[in-house]
Amino acid sequence: MNPPNVFVTAQSLDDIVSLDPAEGFELSSQQTFTAVYQRLIQPDRDQPARLDPSLAARWTAGDHVLTFDLRENAVFSSGNPVRPEDVIYSLSRAVKLNRAPAFILNQLGWTAANVDASLVKDDPHRVEIHWTAELGTALVLNILTSPVASIVDERVVAAHALDSDAGNRWLKIHSAGSGPFKIRRYIPREALVLDANPSSPAGAPRINTLILKNVPDAGTRRLLVEVGDVDMARDLGPDQIAALGASRSVKLLEFPSATIHYLLFNTANRDNPALANPALWEAARWLIDYRGIAEKLLRGQFLVHQAFLAEGFPGALDDTPYHLDVARAKQILVRAGLANVHIRLSVFNQPPFGDIAQSLQATFAQAGISLDILPAEASEVYSQVRSRSEEAVWLYWIPDYFDANSTAGAFAFDPADGTKTLAWRAGWHIPGLSALTRAAALESDPQTRISIYRNIQTEVQRSSPYVIALQARTGIVVRSGVQGYFQGVDADMAYYDRVSK
Amino acid sequence: MSGNTLRVLIRGVPMLLATLGALLLVTFTLSSLSPIDPALQLIGDHASASTYIQVRHELGLDASWSRQLGRYLVAVAHGDLGVSRSTGQPVRDDLERVFPATIELATLALALGGVGGIALALLSVRYPNALVDGFVRVISLAGNSIPVFWLGLIALLVFYARLHWVGGTGRLSDAFEYTIEMKSGFVLLDAWRSSVPGALADAVAHLILPVLILASYALGNVTRLTRSALKGEAGKEYVTLARAKGAGRTRVLLWHMAPNVSGFALTVLALTYANLLEGAVLIETVFARPGIGRYLTTALFDADMPAILGATLLIGACFVVINGLTDLAVKLADPRIE
């Protein structure tokens, strides 16, 4: 048992590449950024569609400019005050380092060459943020809620800079933020130890120490939480959760996750002309055993969801018009003259993708479509998709920030400038939908934006080379005395500051 | 040290270097044939094309294969194993952190399993077809056939979760884990040196299960092979002669047969030790302990070339050194071997 002011979680930390907010883009890193850093504004934890001031006290919008008044007396964990220079340094540094999440800020039209001119200090507490891209204020505000827009303590980070790395090597394993916690020690692949930051403008957390332990084996994580040596266990399989069902000492917390699972047909693959045939896409919609996969095969881990915006995002469609109907699919294929269709299906070589692929193989075979499953390591699958060499692939999608544009800009946007979005990767040329997606990005009225996104989702759901099938659910087991943990729909929304036990 | 021993040791140095060079070349070639794209592995699927190109350049992946190999060899010659792409830390620092943990685990397991295995093999040959022989057969079969990750989980369930006799995962309880400075990397030594009350006992409590389970694997291996070797000696003429001269069974076993299989037993022990050093990955995973096996496996999944090469080099060096020392020990133990 751990002391009451120490909270310990058992999870896999093997995914962490970096704890620098300008670089880390993995689940465990993103969740840590919420604990350690603050952004100017952040989604409200209970109603994420609403923005809460964080390091900014208030903001005003102009034409392609936002002016933020910084919160008075806000300090970093080092004791340094939060200044406009820190905001400018943090955003500019993220663009110039050009690591994995930099593309989120690049959407504002920022490049290493122009970002400095886009960020202007007005007075000791005010900073202006300009952008050149054709984006509405609502979207820009949401982009600034992304973890890559976290504000770091310039004086501390710059003091640890080596060569031209802007402190990146140091910040990979240290912290310089103003969030409710600060990193005491990070031992890669072993543990991340966070101490409370009582001076955080977000308020002091209720616990003194948060220890995230790397326990790679799910069976071991289950035992640890059952015995009480950890207070929380993440990523337990359905069997482990079921086995803990009878225990009174633990309870299961369930949160919707924004992760969407879908099937993609690569219409750019000329070796298999069937892939570009909309009749195949339509037949495929009736050939997935959505309920069987969500409720039996992978029970408890997924919901049936058939639109690209995850439930929990403003404007997400929640209707599920498709179900397994082999006869209907056969009719569609016969009408289109599609016979003897063979498709190579690429999938990740890890659970639950193999199970899902086998279910697809069985149901597609009933309509005469033969699927050859090609399991491969994740980066190999990504490589195939980026080079458009695969035929079909089962993928998942996690939005990069809490705005519909993050997902619509991938699924329903194929701009003429050659940006390689998901639609481009599917070989799906959609000038009409792309214009609609651009219009939604420019729109500042929330209701009008929602209405446009609903139309786009309906169109993608009806006819597109994607068959969107499932939305993930996050199940977390905690000791029964644990109170106050909350997890939002997006990847970074893990809130430990109100946890007590 | 005799001049002969010294000569053998010196002759081994070029052999060590040649083996390590060949090992590097093979590992480097195999890694570069892998379909895994290390840049995509690092930045994921959403990153922009410009980030992808930049990261590939920083990792040196845009250079030719021979140039990449050349750069790496030059760096290794300067003692620089590079920076791990997945932990972001120098590979040397990573290895210094994880390797002592593995040495500690493997050495304790070998000490228990080796001594126990040889004792059981002797008992089994001394009392053939008795209860002890049957017991030894079951033990050696079990040690070789029960998967260690399964045994680890069941042992945790019974002795940690239900009976609370031993510590759980990790090397220390959380109360000690982040307060004791791990200077040497050997948890028993660091806990003892720290003088923190209860730390040493806690470290022992966390070591018992993984050591016993790895020892059971070692014990199975050592017992089975040593027993077969001893059985092979049992029918030989010198044994019959010794018995005819009136020597007791125990005396024949310990003074006549055992020295004849000592070279073989040493080889078995050495091979078992080498296997324990790199093969403890499942135990390290189940018990959430740091170690070279898990470090290498995770690096392989991440296509983290500097970490893969660094860890392979270290494990390879251990194999070569252990084999070399064993050859020497066997020669010293058995003068018939040239």
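The following dialogue examines how several structural terms apply to this predicted model of chains A and B.

Student: What makes strand 4 and strand 5 of chain A a pair?

Tutor: Two strands pair if DSSP finds at least two bridges between them. Strand 4 of chain A is joined to strand 5 (residues 65-70) by 6 bridges, so the criterion of at least two is met. The two strands run antiparallel, and A:Ala56 stands opposite A:Leu70 of strand 5.

Student: Why are strand 4 and strand 6 of chain A called edge strands?

Tutor: The open sheet has 4 strands in the order 4-5-7-6, with antiparallel pairing. Strand 4 (56-62) and strand 6 (119-123) of chain A each pair on one side only, and the name edge strand describes that position. From one strand to the next, the twist averages 25 degrees.

Student: What packs on this sheet?

Tutor: Helix 2 (residues 84-97) of chain A does, touching strand 5, strand 6 and strand 7 (126-130). The direction of helix 2 makes about 175 degrees with that of strand 6 of chain A.

Student: Why is strand 17 of chain A described as mostly covered?

Tutor: A residue is buried if 20 or more other C-beta atoms lie within 10 Å of its own. In strand 17 (residues 466-479), 12 of the 14 residues are buried, and the strand is therefore mostly covered.

Student: How do you know that strand 11 of chain A pairs with strand 17?

Tutor: DSSP must find at least two bridges, and 2 bridges join strand 11 (residues 232-233) to strand 17 of chain A, so the pairing is accepted. A:Met232 has A:Val478 as its bridge partner. Strand 12 (residues 250-265) is joined to strand 17 by 12 bridges, with A:Leu252 opposite A:Val477. Strand 13 (residues 302-304) pairs with strand 17 over 3 bridges, and there A:Phe302 faces A:Ala472. Strand 11, strand 12 and strand 13 each run antiparallel to strand 17.

Student: How do you know that B:Leu214 is in contact with B:Leu105?

Tutor: Contact requires C-beta atoms within 7 Å. B:Leu105 is among the residues in contact with B:Leu214 once neighbours within four places in sequence are left aside; the pair therefore satisfies that cut-off. B:Ala109, B:Leu276, B:Ala280 and B:Ile283 are also in contact with B:Leu214.

Student: Which element gives the most to the side of chain A that touches chain B?

Tutor: Across the interface, 40 residues of chain A are in contact with 36 residues of chain B. Helix 8 of chain A gives the most to its side, with 6 residues. That side divides into 17 nonpolar, 9 polar and 14 charged residues.

Technical notes:
Residues are numbered from 1 along each chain as its sequence is written. Chains are lettered from A and ligands numbered from 1 in the order in which they are written. This is a predicted model: local features need pLDDT of at least 70, side-chain atom pairs count only at pLDDT 80 or more; totals for chains, interfaces and linings use all residues. Two residues are in contact if their C-beta atoms, placed from the backbone, lie within 7 Å. Ala, Val, Leu, Ile, Met, Phe, Trp, Tyr, Cys and Pro count as nonpolar, Asp, Glu, Lys and Arg as charged, and the others, Gly among them, as polar. Axes are lines fitted to C-alpha atoms, for helices over the stretch in contact, and angles run from 0 to 180 degrees between N-to-C directions.
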